[in-house]
There are 2 protein chains.
Amino acid sequence: MTSPSDPARSGGPRRAALVGLGLIGGSIGLALRSRGWHVTGRDRDPAAVDAAVAAGVVDAAGEDASAEVTFVATPVGEVAGEVARVLGQAGLAADAAVTDVGGVKAPVVAAVGDPRFVGGHPMAGSEQVGLGGADPGLFVGATWVLTPTAATDPSAYALVRTVAASLGAEVLSLSPEHHDALVALVSHVPHLAAATLMNLADRRAEEHAALLRLAAGGFRDMTRVAAGSPGIWPDVCVENAPAIVAGLDALVSELGRVRDQVAAHDRHGLLATLRRAADARRALPAGAVRPERLVELRVPVPDRPGVLAEITTTAGDLGVNISDLEIAHSAEATGGVLVVVVDAEAAERFAAALTARGYRPGARPLA
Amino acid sequence: MTSPSDPARSGGPRRAALVGLGLIGGSIGLALRSRGWHVTGRDRDPAAVDAAVAAGVVDAAGEDASAEVTFVATPVGEVAGEVARVLGQAGLAADAAVTDVGGVKAPVVAAVGDPRFVGGHPMAGSEQVGLGGADPGLFVGATWVLTPTAATDPSAYALVRTVAASLGAEVLSLSPEHHDALVALVSHVPHLAAATLMNLADRRAEEHAALLRLAAGGFRDMTRVAAGSPGIWPDVCVENAPAIVAGLDALVSELGRVRDQVAAHDRHGLLATLRRAADARRALPAGAVRPERLVELRVPVPDRPGVLAEITTTAGDLGVNISDLEIAHSAEATGGVLVVVVDAEAAERFAAALTARGYRPGARPLA
């Protein structure tokens with residue numbers, strides 16, 4: 001394995017840095033330190049830095065040019081600037097990687113435009129806000145999206161992928177644009193819908209004091225996300241505006257169809273609508289399932305940019321979970337072999353998709 | 001107290017009957033039996049009756065003309081017919097009361113048109129479905145709406161109210177029409193919105209296998225209600241169609257406003273929208289709070305129909321929780337005194353509202 005992040009290279013512990021010490025940054029710090037990493041951190045708020053040191057979230061305050069990976073966990077609008085600052089540090093190792101945790105990827109990835117940056121988005125949260133809610137187990141079983149592009153350095157991608165997986169996350173690679181379109185549908189639009197439902201009820205509650213006393217479990221579940229800190233959302237909405245507008249338009253159109261079913265007393269249509277939703281909700285994966293049987297695909301890869309991004313986002317687009325990934329020879333030399341471990345059930349369609357793209361994967365079941 | 005439901009009148013245990021042995025009917029049965037009641041039950045499904053007897057949800061299968069109260073816990077479309085059947089039983093006591101648990105009240109109350117019927121709606125549910133999910137504690141702390149009208153017999157209302165409160169519920173009285181408008185906003189419209197969000201995501205998931213792997217906690221919370229059994233919903237939607245259509249129209253209009261904020265990159269407007277929702281969600285009452293200080297209002301009431309409904313729904317409309325209620329003399333004789341116990345904080349505005357309606361309440365703090 002040609003990963004540049006050989007733990008033995010310095011003799012000391014592996015080193016990481018954090019920029020932004022909120023819920024996600026703090027959780028990454030705790031999780032890394034519990035695995036023996038040395039973690040340095042900074043934040044615009046000096047009090048957050050002091051608290052992070054006191055809570056054992058970081059070993060030390062400040063920057064660390066010797067960090068092999070830096071996580072930028074700031075609001076999405078500040079990511080590009082902070083990444084540039086990290087990459088501009090004097091003495092930074094040539095093989096250092098930087099990633100972020102923002103909820104919108106395409107504008108950030110485009111703004112950074114550096115091969116050492118790998119866009120990331122751990123799909124984990126909590127009703128907690130800020131460092132006080134930091135939890136080293138936050139990422140266990142969570143999906144952590146990475147958004148490599150043709151320009152992404154394969155070694156940087158492999159490093160970030162390995163570290164994210166080591167925190168217990170299931171890594172899913174998608175193109176930045178695909179990520180943004182999908183999270184608009186499963187996160188941004190639902191969040192705005194929850195806030196809208198809450199505001200609608202609240203406005204009527206001014207006339208009808210009884211209303212909120214009728215808010216039972218279903219309403220509470222539906223509006224729970226709306227209780228979260230609103231601070232990050234205006235930026236997310238603006239950065240991902242096209243996908244969110246499209247998602248809201250689809251939601252409004254679909255609600256109009258349901259409204260017409262209600263108005264027309266269309267019991268049959270309503271039952272079909274609700275039954276489809278019930279079936280889909282019950283089938284929603286209850287978290288990443290560790291597959292019982294795994295298959296190793298060995299894919300000879302040519303020496304051209306974007307091969308790793310193409311192969312991993314092909315898996316992501318198919319919903320195929322990559323359990324392990326190794327670059328057997330550097331893809332930057334004269335070509336090499338990419339070793340990808342996937343669920344046996346998914347191996348055939350993944351291999352077929354790779355073949356369709358001109359690759360020649362070979363499969364081998366793992367014990 | 002002139003309640004007709006004197007437990008001593010027969011010498012034996014108090015007797016109740018259930019029609020419909022699903023989650024709600026079964027939970028009422030368990031809760032009543034745990035408080036010493038004799039409970040008889042029937043269901044269209046003979047297997048449900050056998051299961052209810054075996055599980056100790058009812059003492060006996062069938063009808064019970066000597067039941068002082070019968071709970072009709074069938075789908076909403078069957079309530080009126082079942083109530084008529086109960087009230088038509090040979091040998092039924094003149095002071096027997098009947099109530100239901102359906103999610104829509106105005107059409108049912110209008111269809112029944114009998115003073116012995118008191119419309120009801122316990123706002124309690126569970127992800128469980130059917131008798132297997134029955135829980136004697138289901139109503140503890142839940143809001144249980146009653147919908148008395150001018151035609152409702154005060155004794156029937158007082159009886160149903162007392163029994164519902166004895167199961168741990170906070171009873172809230174509203175007019176049937178007001179109930180239906182409010183539950184459209186806090187239950188029916190949110191339910192349809194959850195189903196619509198789920199269907200939207202599911203349809204896209206056919207093209208994008210990765211999508212549902214991105215569904216994190218917020219999406220799961222928002223769509224949880226959509227997993228419930230769809231069977232009862234077409235009836236609920238049809239029975240409450242006008243209020244639901246109005247609620248969906250308001251939701252669509254409001255979502256359009258948010259969509260325009262996103263499209264216009266209106267960070268300020270979005271922050272205001274989300275902040276208002278967050279404040280409202282955090283302020284949502286976390287369940288009925290037992291007030292520390294209570295006030296007893298004694299309200300001389302004339303001998304005319306609808307006085308009890310008017311007074312109790314006035315409290316409901318104001319969101320005032322009635323902790324206890326007693327008819328000191330029969331309102332059906334030459335007038336009497338209604339004794340109502342409310343939270344001290346609410347006593348003044350409730351008394352003012354009663355005064356505005358021509359009553360002359362007297363207040364006395366309770367120890």
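Reader: Where is H265(B) found?

Author: This is a predicted model, so take what follows as read from a prediction. H265(B) isn't part of a helix pairing I'd point you to first, but its place is easy to give. Look at chain B and go to the loop between α9 and α10.

Reader: What is phi of H265(B), and is the residue glycine or not a glycine?

Author: Most residues other than glycine have a negative phi. H265(B) goes the other way: it is not a glycine, yet phi is positive, at about 55 degrees.

Reader: Why does H265(B) count as partly exposed?

Author: Buried takes 20 or more other C-beta atoms within 10 Å, and exposed takes 12 or fewer. H265(B) falls in between, because its count of C-beta neighbours inside 10 Å is 13.

Reader: And in chain A, where is H265(A), and what is its phi?

Author: H265(A) sits in the loop between α9 and α10 of chain A. It is partly exposed, with 13 other C-beta atoms within 10 Å. Its phi is positive too, in a residue other than glycine, and the value is near 55 degrees.

Reader: Let's move to where the chains meet. How many residues of chain B are in contact with chain A, and which element gives the largest share?

Author: On the chain B side, 85 residues are in contact with 85 residues of chain A. The elements giving two or more residues to that side are α6, α7, α8, α9, α10 and α11 of chain B. The largest share is 19 residues, and it comes from α6(B).

Reader: How do the residues on that side of chain B divide by class?

Author: Take the side of chain B that touches chain A and sort its residues. Charged residues number 15 and polar ones 16, while the nonpolar count is 54.

Reader: How do α9(A) and α9(B) run against each other, roughly parallel or roughly antiparallel?

Author: The two helices pack with their axes 10 Å apart, at an angle of about 170 degrees. Angles over 145 degrees are the ones that count as roughly antiparallel. So α9(A) against α9(B) is roughly antiparallel.

Reader: Which hand does that crossing have, and what residues are in the contact?

Author: α9(A) passes α9(B) in a left-handed crossing. As for the residues in the contact of α9(A) with α9(B), four are charged, two are polar and 20 are nonpolar.

Reader: What is the strand order in the four-stranded open sheet of chain B, and which strands are at its edges?

Author: The pairing in this sheet is antiparallel, and the order is β10-β11-β9-β12 in chain B. Neighbouring strands are turned by 20 degrees against each other on average, direction ignored. The strands that pair on one side only, and so are the edge strands by that test, are β10 and β12 of chain B.

Reader: Which residue stands opposite V295(B) in β11(B)?

Author: β9(B) and β11(B) pair in the antiparallel sense over eight bridges. Within β11(B), the residue opposite V295(B) is V342(B).

Reader: Which helices lie across strands of that sheet?

Author: One lies across β9, β10 and β11 of chain B, at about 10 degrees to β11(B). Another lies across β9, β11 and β12 of chain B, at about 15 degrees to β9(B). They are α11(B) and α12(B).

Reader: Over in chain A, why is one side of β10 and of β12 left without a neighbour in the sheet?

Author: The open sheet of chain A has the order β10-β11-β9-β12, with antiparallel pairing. β10 and β12 of chain A stand at its edges, so each has a single partner strand.

Reader: Which residue in β12(A) stands opposite V295(A)?

Author: β9(A) and β12(A) run antiparallel and are joined by four bridges. Opposite V295(A), in β12(A), stands P365(A).

Reader: How many residues of β1(A) are buried, and what is the bridge partner of A16(A) in β2(A)?

Author: R15(A), A17(A) and V19(A) on one side, and A16(A) and L18(A) on the other, are all buried. That is five of the five residues of β1(A). The strand pairs with β2(A) in the parallel sense over five bridges, and there the partner of A16(A) is V39(A).

Reader: Last one: in β5(B), what is the bridge partner of V72(B)?

Author: β4(B) and β5(B) run parallel, joined by four bridges. In β5(B), V98(B) and D100(B) point one way, A97(B) and T99(B) the other, and all are buried. The partner of V72(B) is D100(B).

Definitions and conventions:
Residues numbered from 1 in each chain as written. Chains lettered and ligands numbered in written order. Predicted model: local features only at pLDDT ≥ 70, side-chain atom pairs only at ≥ 80, totals over all residues. Contact = placed C-beta atoms within 7 Å. Nonpolar A, V, L, I, M, F, W, Y, C, P; charged D, E, K, R; others polar. Axes fitted to C-alpha atoms, helices over the stretch in contact; angles between N-to-C directions. Parallel < 35°, antiparallel > 145°, perpendicular 65-115°, else oblique. Left-handed = near helix turned anticlockwise from the far one by under 90°. Pairing = 2+ DSSP bridges.
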